[in-house]
Structures are given as structure tokens and as C-alpha cells.
Amino acid sequence: MYLEQINEPSDLRKFNDEQLNSLSQEIRNALIKKLSIHGGHFGPNLGMVEATIALHYVFNSPVDKLVFDVSHQSYCHKILTGRKDAFLFEEHYDDVSGYTNPKESKHDYFNIGHTSTSVSLACGLAKARDLAGGKENIIAIIGDGSLSGGEALEGLDFAGEQNSNFIVVINDNDMSIAENHGGIYKNLRLLRESDGKAECNLFRAMGLDYIFVKDGNDISSLVKAFRSVKDIDHPVAVHIVTEKGKGYAQAEKNKEEWHWCTPFDFNTGESKAVFAGEDYSSITADFLLKKMKEDKTLAVITSATPAVMGFSEDKRKEAGVQFIDVGIAEEHAVALASGIAANGGNPVYGVYSTFIQRTFDQLSQDLCINKNPVTIITYSASIYGMNDVTHLGIYDIPLMSNIPELVYLAPATKEEYLAMLDWSIKQKEYPVAIRVPGGEYISDGKAVTKDFSLLNKYEVTQQGNKAAFIGLGSFYNLGVNAAEKFEEITGIKPTIINPYFITGLDDDLLEELKADHEVVITLEDGILDGGFGQKIAGYYGSSNIKVLNYGFKKEFLDRYDVNEIMIENGLTDINIANEAIKLI
């Protein structure tokens, strides 16, 4: 195996073209095998094998600096930079993360998981180099899907004014996670069809020189192109056309489905994951498709992640023009939704918690100041969500719940979720966000009769005394279990409360608790600082009521075990009950 001879990028230079091609197949086989066992980003990495080999063959990393956008296509880069064991041996599969990580290697400069960032980050490296009088090459690698992000366009705009070495490699596979959307992709198509010769050229318009590589999966063509721009004295875009999922027939055919994968059968491609019927994504799509047929002004918006709302390709076709994919452009999605609402439309935007972080200014300025009736569905807002440090979903409560005029709701069950969604798309008074529960999918069959237009009115689900357990959203049942432990130990029936509302306090109920309660316990599936529980604690600050807040401490977690994190933060029913008992 040639792969066994690679310990650092310079080892590539002892191979000829034929050997490099054999190496690319060895790497591709290793990737497919690992991903079939472990899961991970599939299509993006298979498409970048040859380009990554060529980059490391021509450039001298880590002196020359490579910055991968999103970095979910950096597996081959890791293999070539001393981390191949994590892709060859199952016992080492978890030795590395799914993204570039400076803690792993001197060849990585940033821990990156959100998209459209590489050009700006690399511009910073280049500026620092120029200030210090350095001469190394700075290379940003960005996919075509990422170009729709505002930061990518801002970075390209800045890059065009740099009068020194700066190389942007555009990996164009004519795909984002799903299909690309936006006018920029018409120009990319024109450039592909004209072999880069079209007069209309986005990159030249931005002030960059331009080189086109028709076959971005051909190592010799790539090496030639990269050699031509090495040590260049001005900014240049190298536009390479690759095939997402190359080397695995099913991934080449079904690019959206194979962007990311769970473990699968190596030979058949069939997933080994067990899917137990409906989930919040599937019920959302079914619910919204029904409503879209009844209300032609209802528009469903995604920012390049249609599957998060269950909108597969066939369901997107069924929805037609009422389904809008803005590409990787979360900021635009929020502002677009506000504009649709302002002109009488009925917009619903579904987004992962980790990506709503990118939209704080639009939530505040474009949406909430104008108080337009938009529905935002926040997914993976939970410790049970994605667990890479770049994709954590536990920060949305402090971020969103402190914006005036926004109503942020937290259901605990399927029935509560659908009731909130139904209310939100009908009402015309407020911007509303709904925090989809994490963890176990719960459907209790109970009809929800609550009037959500009566803002900030909590529901007492068990009347008691001495202690009140307030469990928010997906932690409501943890509150119920802790209350049961409390009663088993003390013989005292405590009060249990489902608050529903994240963004406001039920002052009347909280005041009533003062009469016969000594301690109030809050539980939330997010960080405590600036969160829901601290608002309750603030309310009781001058009273005799003691308050215990349970959630997560403010920290960047990475590839964690949920049970361990729950225990570390005291989030077990018996611990919560015992701590409450101490205060009685």
C-alpha cells in the first residue's frame, strides 16, 4: 500500500502520477470502509480526494497554510497529515474529530464547522503574513454551496483588494447539501459550460485572477494548475469541477442522501440505523404540506437543510413554489421571512439551533423590531443534538429569549409541538419560535387545549406544596421524575409546572407559589447563563423562596457522552430531588 508510506505531506513527492492515482483509490477505499462502520460526511470527502492530494503535493504545509471551509471535507487532509491511523484502524476511528482541529495537528489552523468562513479566515492569515514580511502561500478551499453564504462573499470582496499571494480553490460539484439555489450558481454553470472562458465571471468581477480546471478529480491537471499559482503575487481563484461522492455509485447517483451517512452495509449501501417511524422532522413536513394546500400564502423556508423539516426531494416538489431554499444564507432567510410576513404572507423557517446563532442581528433588527408574524422552528436545540464542538445546540435560549417581542415556546411532546405550530401559523401578532424537543420522542395522545395567545401563562400539572419543579420543554419529564423521587423520600407532594413559554414569566403563578412553597427548581436543556432558570431566580431574589437552577454550565463541549454531561451537571432525578430536600 502506498498509503502506509505517508506520514507527512512531503512523502507524496516521491510518487509518480500513476502511484498518486493508486494512492487516491486507497484513500477512497479507506474512507468508504470507515464511514460504513462509523458514519460521517461521505460525499464531500470522496469528491475531494484528488484535489487534497494535489494540494499537498504542490504546497508545503504547514509552512504554506490550507484553510478548509466547513472542514467536513478534510478527512483526506487528515490522512495525509499524520492521522491516517484514525481512518485505517477501527480502534482509532474516534481519535480525530470530523473537522479540522488545531489540537490534532500543526497542519490545521482553525476548528471550523459552520460554512462560508474559509476565505475570511485565510484573508486574516494572509494579512498577518504580509505585516510580518512572510512569503508563504495562503490557500482557502471553499465549496460552491458555501459561496451563497454572506461571509464568503464578504471575504471574496476583501480578497480582491489584496496585493499579495492569496489563493482561493473553489470546489464546484454543483451541489450544496441538497441542490444549489441562487443566481450565483447560474454563473458557475456558465463557467463550467464554457470551460471557464465566459466573459461573465463572478471571481474576476470581485477582483481575483482566475484559472479553470475542468476535471477536478484528475491529479495531473490539478497539480499543473496549483503549480501555476504557487507563490503568485496577487489574489487568484482556482475553479475546479469535482464529483460529489466520487467512487461510490450510490453516492454519485444520490448526492443529497449521501452528503452525510450513518453506518451502512459496505456492499449494498443500506443503512444499519434503525428508524422507528415518525419523528419531529417527518411530522413537520406532513403537517406543513397539509397547511400549504389550505393556505397558498404559507411559505416554508430552509437555508440549505431541507431534511431538517422532513422535506425530501419528492415533498419539495409537492410543495412547489411554496417551498423556498435560500441556500446557505441563514441571515437572508430570517430577513426574507420578515419581508414575506410584512406583505401578507405566512412564512415558516426551519433551522438547526447551531445555525440560528448566525442570525442574531436579523432576528433583532429585521424581524422583532418590526414585530412581523414569522414562525421559526428550532431543531437540535438540545444536549441530545449534534455533539461536535462546532455544532452544539445548547446556546439558543439565552440568544433568542432575550430579544424583545419574540415569543419562544418549548413543547415537551408531539401534541404540544403541533398545537404550538398550528397556533403560530394562524396568529398575526408576534414573531414566534418553537424549540423542538430533544432526546426521546414523546407522544402522549393528550389533546392540547391551551390558548397560547395568553402569553407567559404556565400550566400547573400537579398541585402540591413546599417544592415546585418547573421543567422546560424536553426537560419537563426530568422534572416530573425528580418530583416523584422527592415525594417518595419526603412524603410531600410537590408542585409540577410545564411553563411552555421561554421568553416570559408567569408573574401571577410565581407570586402564588410564595404562599406555601419554600423552594423552586428549574430545569432547562441549555446553558444556564442568561437562560430560563435565571429569570425565575431573579424574580425571587428579594423573597424567602430558594431557587435551584439546573442546566449546563457555559463551556464548549466536544464529542461528549450525554449521560456523563448530565451527571456532571447534576441532572439526574435523584440528585435534583436530594438537593431540593436540603433546602426544605
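This report describes one pocket, one helix that helps to line it, and the cysteines of a predicted model.

**The second largest pocket**

The second largest pocket has a volume of about 370 Å³, and it is lined by 17 residues, with Glu416, Asp444, Lys446, Thr461 and Tyr500 lying nearest its centre. At least two residues of the lining come from each of three elements, namely helix H18 (414-426), strand S14 (459-462) and helix H19 (476-490). The lining of the second largest pocket can also be divided by residue class, as the table shows.

| Class of lining residue | Number of residues |
|---|---|
| Nonpolar | 6 residues |
| Polar | 5 residues |
| Charged | 6 residues |

**Helix H18**

The 13 residues of H18 should span 18 Å at 1.5 Å a residue, and this agrees with the 19 Å that separates its end C-alpha atoms. Because 10 of the 13 residues of H18 are buried, the helix is largely enclosed by the rest of the structure. Among these buried residues are Lys414, Glu415, Tyr417 and Trp423, and Glu416, which is also buried, is one of the residues nearest the centre of the second largest pocket.

**Cysteines**

A disulfide is a covalent bond between the sulfur atoms of two cysteines. With a cut-off of 2.5 Å between cysteine sulfur atoms, the count in this model comes to 0 disulfides. Why does Cys76 form no such bond? The closest cysteine sulfur, in Cys261, is 17 Å from the sulfur of Cys76, which is too far for a bond. Cys76 is buried, with a relative accessible area of 1%, and Cys368 likewise counts as buried, at 1% relative accessibility, because buried means under 20%.

Note on methods. Residues are numbered from 1 along each chain as its sequence is written. This is a predicted model: local features need pLDDT of at least 70, side-chain atom pairs count only at pLDDT 80 or more; totals for chains, interfaces and linings use all residues. Side-chain values use heavy atoms; hydrogens and water are left out. On a 1 Å grid over the protein atoms alone, a cavity is a set of points where a 1.4 Å probe fits but cannot get out, and a pocket is an open set with protein on both sides within 12 Å along at least five of seven lines; lining residues have an atom within 4 Å of a point. Grid points are joined across faces, edges and corners, and a volume is the space filled by probe spheres set on the points. Helices (H or I, at least four residues) and strands (E, at least two) are DSSP runs, numbered from the N terminus. Ala, Val, Leu, Ile, Met, Phe, Trp, Tyr, Cys and Pro count as nonpolar, Asp, Glu, Lys and Arg as charged, and the others, Gly among them, as polar. The expected span of a helix is 1.5 Å times one less than its number of residues. Buried means under 20% relative accessible area, exposed over 50%, partly exposed in between (1.4 Å probe, protein chains only).
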